Each structure stands twice: as structure tokens, then as C-alpha cells.
Amino acid sequence: MSRDWGSLFDVDTDSEDLLEHFDTEWFRGQRYRHLSDERHGIERGTALVGDVVVRGYPSMPRALVLEPAIRETFDGPVAIEEKLNGYNVRVARIDGDLLAFTRSGFICPYTTRKVEALLDTEAFFDEHPEQMLCGELVGPENPYTDHAYSEIGEIGFYVFGVRHRESGTPMGVERRLDQCATYGLNSVDHYGTFTPTAAVDAARERIDDLNARGREGVVLKSTDGETALKYTTSAIHRADLEHAFELPFDYGRDFVFTRIMREAFQAVERGESAAAVRERAQALGEVILQPAVETIRTVDRGDPVGETHTVRGDPKIIDDLLSYFREQGLELHVEHDETDGEQRVVTFTKIAQSTRDKTRYYLEGGTIDE
């Protein structure tokens with residue numbers, strides 16, 4: 001008999017009404033459900049595999065100005081860790097199968113196979129069967145966010161949290177680090193634990209270093225793992241804007257506006273001089289205008305525009321991944337498709353249809369009503 005999902009999630013609705021909000025998918029012949037958007041206070045990405053619950057990873061607030069945000073958020077020790085630029089993956093073992101869930105709760109066949117190959121989790125899940133590993137899959141060969149890190153070859157998985165699979169309750173930071181060390185699991189860099197006052201300068205120091213190396217930022221956490229803030233570098237803001245203006249009609253104005261405002265608050269927080277603000281503004285201008293110009297030229301030549309990724313793996317898994325993207329309505333342009341030993345290596349572009357079509361329309365004389 002199916003579980004009473006309404007009672008389980010402590011929401012005032014019956015199971016049938018609640019399940020209507022879940023999308024249904026199949027993986028290896030088994031049906032499962034996942035929640036693509038938060039509903040009734042249930043986290044986005046929550047998945048139901050049979051009668052097993054895999055809670056979604058909670059959204060994390062962002063600090064625009066470090067000192068007051070830390071003061072208002074934390075009343076005890078603050079752990080500081082690196083925030084990596086990849087995609088959020090939760091790994092759980094269900095009925096003996098290792099499954100990898102994306103942020104939206106989709107069991108990705110490619111990610112699952114990569115996690116199976118990258119991680120030796122048998123001992124961990126033998127001891128902690130009801131826990132899930134929350135981590136970032138990073139590296140140049142992934143189908144979602146491909147950001148290069150010098151220490152990572154094709155792809156890597158770095159744990160930033162361990163949570164109870166059903167309740168979502170986090171494991172404390174120190175215990176999680178100890179568990180990662182015990183079971184040989186890679187962890188995101190941990191920079192130490194500080195008082196809230198000391199955490200401000202410690203975080204700023206780390207941000208300066210990460211920014212100089214083109215990395216994403218930091219996450220600040222209470223030691224019990226219940227409370228967290230993220231703060232990102234100017235380098236990643238510029239990278240995000242550059243990417244957005246490569247596909248200017250596919251990213252919304254909110255995406256662009258928020259990143260520009262992060263830069264504005266960061267400039268004020270740091271007390272930058274007029275010359276420093278001017279330098280920051282010039283850097284922003286370059287990453288906004290140059291990629292947009294190049295995209296217009298690319299469309300004018302008739303070449304594809306979009307997000308390009310390279311994936312490597314078992315041919316069947318690659319087929320499943322590409323089929324999934326196409327089923328989601330994505331148009332794919334395969335750039336390269338070759339065999340390397342027993343693995344298939346495919347470089348493909350997810351076509352940015354809105355950018356392509358609107359750019360072509362304007363190039364052919366279309367007008368804008370303003």
C-alpha cells in the first residue's frame with residue numbers, strides 16, 4: 001500500500017492531490033516521480049522512488065554584503081567552504097541501486113553512471129543506508145555546467161553535504177568532513193570554522209583568492225549544517241553575464257539584473273575608488289557586448305548557437321542522455337561523435353532556439369515595438 005504522502009510531508013492535502021504536482025519518469029524500467037518546482041513547502045527536486053523519499057536540496061540565500069548578512073544570519077560558529085561551479089547532485093542507494101538525482105529530481109542516466117564509476121560508496125551506504133550524499137559534479141565533461149578546474153580532468157564529484165534521505169536533516173559539518181575522510185570521498189575545500197565576527201574577514205580573504213583564480217565563491221554554514229549563505233566572486237558574475245549575452249534572448253532580464261546588482265553591492269562593500277569602479281564597469285561592459293556581437297555574427301553565418309557540452313561514457317548511456325534532452329524539447333546539434341575504446345565521446349550543442357530565431361528575425365529586417 002502506498003504511503004500517506006500528505007502526512008509524511010506534513011501538508012494539509014491528500015496524497016492524490018499532492019502527487020498531481022509530481023512529474024512521472026522511468027529509470028531502468030522503474031517508475032518514479034519528482035517535483036520540478038517547490039510545492040506546499042516541499043523542496044524542488046524531491047523524488048519518490050516506489051515508497052522511498054529522496055528530499056530535494058533546500059534553496060540557499062545569497063549575501064550581497066557580507067558583514068551584515070553574517071551578523072543577521074549566524075549566532076554561533078560559522079564554517080567556510082568553497083562553492084564549486086558545477087551542478088548539484090544527490091546520491092542515494094535504493095534497493096541496492098546507486099542513483100544520482102539532479103537538482104530537479106530527475107534520475108540522470110549519465111550522472112548515475114559517472115557517480116558509479118567515480119565513487120566507492122558501498123561501505124558508506126552499508127553504515128548509513130538512509131543518508132544521501134549531496135555534492136557538486138564538476139569538470140569539462142558534463143552535460144549541464146562545464147567549467148574547467150585545473151585539478152579535475154574529465155569530471156569529478158565533491159561532497160558538500162550529507163543529509164537524511166527522507167527528512168532532509170543535515171549531518172553536522174565536522175562529522176560530515178570526518179565521514180568523507182573515513183570513506184575516501186572527495187569533499188569541497190573547508191577553510192575553517194570562525195566566530196561570526198572573524199568569519200567576515202576570513203570569507204573576504206578567501207573570496208579575493210578565489211576571484212583571482214576565476215573560481216565561484218564560498219558557502220558559509222552553521223556547524224550543524226542547518227543554516228547557510230552563499231557569496232560569489234566578481235569573476236563568476238562576469239562569467240555568468242558573458243554566458244548570458246552569448247544567448248541574449250534565452251536568459252531573462254532577472255538573470256542579468258541580479259548579477260549586475262551583485263557587482264554594484266560588492267563595489268560599495270569594498271569601498272572602491274572611482275577608478276576601481278570604472279575598471280569594474282569596463283570589465284562588465286566587455287563581457288556583455290562582445291559575446292552578444294559574436295552571437296549575432298554567428299547566426300548571420302548560419303552557424304548553430306547554444307550551450308556546448310562534451311560527454312563520455314557507455315554508448316547506451318549517451319543515447320539515453322541525448323534522448324532525454326530531446327524529449328524535453330531541446331534541439332541538439334551534434335558537433336563530434338566518436339568512439340574511444342569502449343566509450344562514446346559526443347560534443348553537442350543545446351540549440352538556443354529563442355536567440356537563434358529572434359536574432360535571425362532582426363537580421364532579416366524584423367522590428368521591435370518599444
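Which residue in S9 is the bridge partner of cysteine 134? The legends below answer this and walk through several close-ups of a predicted model.

**View 1. Four strands, S7-S6-S8-S9, form an open sheet.** Welcome to the first close-up, where the strands pair in the antiparallel sense. Strand S7 (97-101) and strand S9 (156-164) sit at the edges; each has a single partner strand, so one side of each is left without a neighbour in the sheet. From one strand to the next, the twist averages 30°.

**View 2. Strand S8 (residues 131-138) runs antiparallel to S9.** Here is the pairing from the opening question. The two strands are joined by 8 bridges. At one of the positions to look for, cysteine 134 has glycine 161 in S9 as its bridge partner. Helix H4 (residues 109-118) packs on this sheet and touches strand S6 (87-94), S7, S8 and S9. The direction of H4 makes about 125° with that of S7.

**View 3. A second open sheet has the strand order S10-S5-S11-S12.** This sheet has 4 strands, and again the pairing is antiparallel. Its edge strands are S10 (190-194) and S12 (228-232), each of which pairs on one side only. The twist in this sheet averages 20° from one strand to the next. Look next at strand S5 (residues 78-83), which pairs with S10 over 4 bridges in the antiparallel sense. There, valine 78 stands opposite phenylalanine 194 in S10.

**View 4. Helix H7 covers residues 196-212.** Follow the helix from its first C-alpha to its last, and you travel 25 Å over 17 residues, close to the 24 Å expected at 1.5 Å a residue. Its buried residues include Ala199, Val200, Ala202, Ala203, Ile207 and Leu210. An α-helix has 3.6 residues a turn, so residues three or four places apart point the same way. It is worth keeping that spacing in mind while looking along the helix. Among the elements that cover the buried residues of H7 are helix H3 (66-73), S5, S10, strand S11 (217-222) and S12. Just after H7, glycine 214 takes a positive phi of about 70°.

**View 5. Phenylalanine 124 pairs with phenylalanine 125 and with tyrosine 183.** The structure holds 12 aromatic pairs, and this close-up shows two examples. Phenylalanine 124 and phenylalanine 125 meet edge-to-face, at 5.1 Å centre to centre with 80° between the planes. Phenylalanine 124 counts as buried because its relative accessibility is 1%, under the 20% cut-off. Phenylalanine 125 is buried too, with a relative accessible area of 0%. The pair of phenylalanine 124 and tyrosine 183 is also edge-to-face, with the centres 5.5 Å apart and 85° between the planes. This pair links distant parts of the chain: phenylalanine 124 belongs to helix H5 (residues 122-127) and tyrosine 183 to helix H6 (residues 173-183), 59 residues apart. Both phenylalanine 124 and tyrosine 183 are buried.

**View 6. Ring pairs join six aromatic residues, Tyr87, Phe106, Tyr144, Tyr324, Phe325 and Phe348, into a cluster.** Once you have found the rings, look for a charged neighbour at one of them. Lysine 350 lies over the face of phenylalanine 325, at 4.4 Å from the ring centre.

**View 7. Arginine 259 lies over the face of phenylalanine 255.** In this last close-up, the distance from arginine 259 to the ring centre is 3.6 Å.

Terms used
Residues are numbered from 1 along each chain as its sequence is written. This is a predicted model: local features need pLDDT of at least 70, side-chain atom pairs count only at pLDDT 80 or more; totals for chains, interfaces and linings use all residues. Side-chain values use heavy atoms; hydrogens and water are left out. Two strands pair if DSSP finds at least two bridges between them. Axes are lines fitted to C-alpha atoms, for helices over the stretch in contact, and angles run from 0 to 180 degrees between N-to-C directions. The expected span of a helix is 1.5 Å times one less than its number of residues. Buried means under 20% relative accessible area, exposed over 50%, partly exposed in between (1.4 Å probe, protein chains only). Contact means heavy atoms within 4.5 Å. Rings of Phe, Tyr and Trp (its six-membered ring) pair if their centres lie within 6.5 Å; planes under 30 degrees apart count as stacked, over 60 as edge-to-face and the rest as tilted. A charge sits over a ring if NZ of Lys or CZ of Arg is within 6 Å of the ring centre and within 35 degrees of the ring normal.
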